[in-house]
Amino acid sequence: MYLLWLLFSLIVLTKAEFCYNDVEAACSSRPTPVDGPLLANCNAKYGSFEALQADLQAYANAHIETSFEFLLMSAHFGNYEANREGFKHLYRKLSDKSWEDAIDVIKFITKRGGKMNFNQLPRFKKNAKDGRVLELNELNSLAKALDTEKQLAEEALRIHTQAQHHTKQDASVAHYIEEQFFEKQADCVRTLAGHTNDLKDLLGDRDASVSVYLFDDYVKKTL
């Protein structure tokens, strides 16, 4: 019985997906013919990263898309008609942050042995009016920015939960999402929520145009 178990273990180890086995098969005097890449298992993949890779690709693309949207909003408020320097710099800062986050996610994907797929669509749904970023006034733009950042934060929570699921457990992915996104997303959402409510209160005054001007100047000084 013991010999039978030992023989079974040797067969399992021989057929296991190890880089050593691939190298030995490729470099032996009689190479074993294989389908696909010659050294298929000589990569940086481990754990359940394969099952989570598409989610991370979609998350990187969501940040890229968000970065361009904020860049458009920044250009809109920085033109000679709107002339809102505070809003211009706020959205440029958010655009740069999203771009840097996208690059960071892509670096993590490649570090874990994966590849970036720029055709992987973001998981969360966009509002039907999201394409009209150049038609937004100051308050509406803050509301849109807040919704966008909350969607990114919710998606980070979803990926973190997926990484802790019993069938897709990967503590490395969960740790990365937690360390890289949770704290700064909470700060960003809180800041935008505060700006939105403060401006809404100011617009209740008699001269709303002066209130918007003063609020824009305040935002510029806080950045």
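Visitor: What makes the contact between the side chains of K97 and D101 a salt bridge?

Guide: In this predicted model, the side chains of K97 and D101 meet at 4.0 Å, N to O. A salt bridge asks for a side-chain nitrogen of Lys or Arg within 4 Å of a carboxyl oxygen of Asp or Glu, and the pair K97 and D101 is therefore counted as one.

Visitor: Where do K97 and D101 lie with respect to each other?

Guide: Both belong to helix α4, and because they are four residues apart there, about one helical turn separates them.

Visitor: Why is D101 called buried?

Guide: The relative accessibility of D101 is 3%, and buried means under 20%, so D101 falls into that class.

Visitor: How many salt bridges does this rule give, and what makes R123 and D55 one of them?

Guide: The count comes to twelve salt bridges. For R123 and D55, the distance from N to O is 3.0 Å, which lies within the 4 Å that the rule allows, and so the pair qualifies.

Visitor: How do you know that R123 and D55 link distant parts of the chain?

Guide: R123 sits in the loop between α4 and α5 (138–163), whereas D55 sits in helix α3 (residues 49–78), and the two are 68 residues apart.

Visitor: Are R123 and D55 buried, exposed or partly exposed, and why?

Guide: R123 has 40% relative accessibility, and since partly exposed covers the range between 20% and 50%, R123 is called partly exposed. D55, with a relative accessible area of 6%, stays under 20% and therefore counts as buried.

Visitor: What makes R158 and E155 a salt bridge, and where do the two residues lie?

Guide: Their side chains meet at 2.9 Å, N to O, which is within 4 Å, so the definition is met. Both residues lie in helix α5, three residues apart, or about one turn of the helix. R158 is partly exposed at 31% relative accessibility, while E155, at 6%, is buried. A network of salt bridges links D55, R123, E155 and R158.

Visitor: Which helix has the highest mean pLDDT among the elements, and which the lowest?

Guide: Helix α4 (residues 85–111) has the highest, at 97, and helix α1 (residues 2–15) the lowest, at 44. Over residues 2–16 the pLDDT is below 50, and beyond near neighbours in sequence this stretch has four contacts in the model. Where pLDDT is low, the predicted coordinates should not be read in detail. The protein as a whole averages a pLDDT of 85, with 79% of the residues scoring at least 70.

Technical notes: Residues numbered from 1 in each chain as written. Predicted model: local features only at pLDDT ≥ 70, side-chain atom pairs only at ≥ 80, totals over all residues. Heavy atoms only, no water. pLDDT = per-residue confidence, 0-100. Contact = heavy atoms within 4.5 Å. Buried < 20%, exposed > 50% of the residue type's maximum accessible area, 1.4 Å probe, protein only.
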